[in-house]
Structure formats: C-alpha cells, structure tokens
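Trainee: I should like to work through this structure with you, beginning with the ligand and its surroundings. May we start with the terms required?

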Amino acid sequence: MSKEVTFSIIKPNAVKKGVIGNIIEQFENAGLKIAAAKLTVISRKKCEEFYAEHKERPFFGELVDFMTSGPVVLMALSGEGAVLKNREIMGATDPKKAAPGTIRAKHGDSVGENAVHGSG
Ligand code: CMP
C-alpha cells in the first residue's frame with residue numbers, strides 16, 4: 001500500500017457534542033496523521049458545490065442546511081492506505097448499520113447527521 005492523503009470533515013453534530021478529540025484519537029490510533037485541520041463554518045455556496053453530485057437527491061436541501069448549521073472541522077488525513085483506512089474507521093453511512101466501534105456507530109445520530117464525511 002502507498003502513502004495517501006484523504007479528506008475528512010467532522011460534521012456539526014459531532015462538533016456540538018464535543019467529540020472532536022475522540023474522533024481525532026480514532027484516526028491517530030489507526031496510524032493516520034492529521035496533515036492539516038481547520039475549524040470553520042462552510043458557506044452555503046461552497047457546501048452546494050462540494051455536494052453537487054447529490055443535487056438531484058431528495059435530501060440535498062436538508063444535507064446543505066445541516067452541514068452549514070454550525071462549525072465543522074476540515075482535515076487532511078495522511079498515511080499508508082489512508083482512503084480505505086478512513087472508510088473503515090468511519091463505518092457505514094447509516095450509523096445504525098455501522099460496525100461497532102466505528103466513528104459513525106459511536107457518534108452518528110442519523111443518516112444525515114452521521115458525524116463524519118470522508119472522501120478519497
Ligand atoms: P457524506 O459522507 O457526507 O456524503 C453525502 C451525505 O448525504 C452522507 O454522508 C449522508 O450524511 C447524507 N445522506 C445520504 N443519504 C441520506 C438520506 N437518505 N437522508 C439524509 N441524508 C442522507
């Protein structure tokens with residue numbers, strides 16, 4: 001496996017719950033490094049651009065409302081096989097289906113408010 005960099009967002013529900021540290025710890029314990037991080041509120045325009053692939057989905061408005069509802073943590077994670085590792089640590093999109101111990105199983109509240117986003 002080669003060294004990769006992958007993008008991660010700690011979503012507003014997780015920031016509100018005060019579990020930024022716990023989530024970062026899970027990434028670090030799995031051997032991923034936080035190569036960059038920024039706490040910020042995403043603008044509606046940026047958020048719509050970021051999730052453009054979901055524009056036609058019925059949940060698009062709800063997704064953008066939620067993702068712009070409060071601060072998020074934008075991060076670059078780096079390490080061997082970071083894309084796959086990040087997916088494994090996050091768990092399935094629906095927290096109810098996420099494997100025990102994964103971030104979404106522990107901190108996700110619903111499919112929309114699922115604590116973290118990850119992209120390759
Ligand atoms: P994320 O990894 O951020 O990528 C797209 C997001 O859309 C996804 O996580 C979910 O939070 C959200 N999403 C997917 N399906 C639904 C749904 N049925 N209802 C609400 N949000 C959804």
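Mentor: A polar contact is a pair of N or O atoms within 3.5 Å. Please bear in mind that this is a predicted model.

Trainee: How far does a polar side-chain atom of Tyr-51 lie from an oxygen atom of the ligand?

Mentor: Tyr-51 is among the residues that surround the ligand. The cut-off for a polar contact is 3.5 Å. From a polar side-chain atom of Tyr-51 to a ligand oxygen atom, the distance is 2.6 Å.

Trainee: Which residue has a polar backbone atom 2.8 Å from an oxygen atom of the ligand?

Mentor: Two further residues around the ligand are relevant here, Arg-104 and Val-111. For Arg-104, a side-chain N or O atom is 3.3 Å from a ligand oxygen atom. The backbone atom at 2.8 Å belongs to Val-111.

Trainee: How much of the ligand's accessible area does the protein cover?

Mentor: The ligand sits in the largest pocket. On its own, the ligand has 460 Å² of accessible area, and the share covered by the protein is 77%.

Trainee: Let us turn to Asn-13 in helix H1. Is Asn-13 buried or exposed?

Mentor: Helix H1 spans residues 12–17 and includes Asn-13. A residue counts as buried under 20% relative accessible area. Because its value is 5%, Asn-13 is buried.

Trainee: With which side chain does that of Asn-13 make a polar contact?

Mentor: Beyond four places in sequence, Asn-13 is in contact with residues including Phe-66, His-107 and Asn-114. Asn-114 is also one of the residues surrounding the ligand. The polar contact, at 2.8 Å, is with the side chain of Asp-109.

Technical notes
Residues numbered from 1 in each chain as written. Predicted model: local features only at pLDDT ≥ 70, side-chain atom pairs only at ≥ 80, totals over all residues. Heavy atoms only, no water. Helix = DSSP H or I, 4+ residues; strand = E, 2+ residues; numbered from the N terminus. Buried < 20%, exposed > 50% of the residue type's maximum accessible area, 1.4 Å probe, protein only. Polar contact = N/O pair within 3.5 Å; in protein donor to acceptor, adjacent residues only side chain to side chain. Contact = heavy atoms within 4.5 Å. Near = heavy atom within 4 Å. Areas by Shrake-Rupley, 256 points an atom, 1.4 Å probe, with all protein chains shown as cover. 1 Å grid on protein atoms, 1.4 Å probe; cavity = no way out; pocket = protein on both sides within 12 Å on 5 of 7 lines; lining within 4 Å. Sits in = over half its atoms within 2 Å of the grid points.
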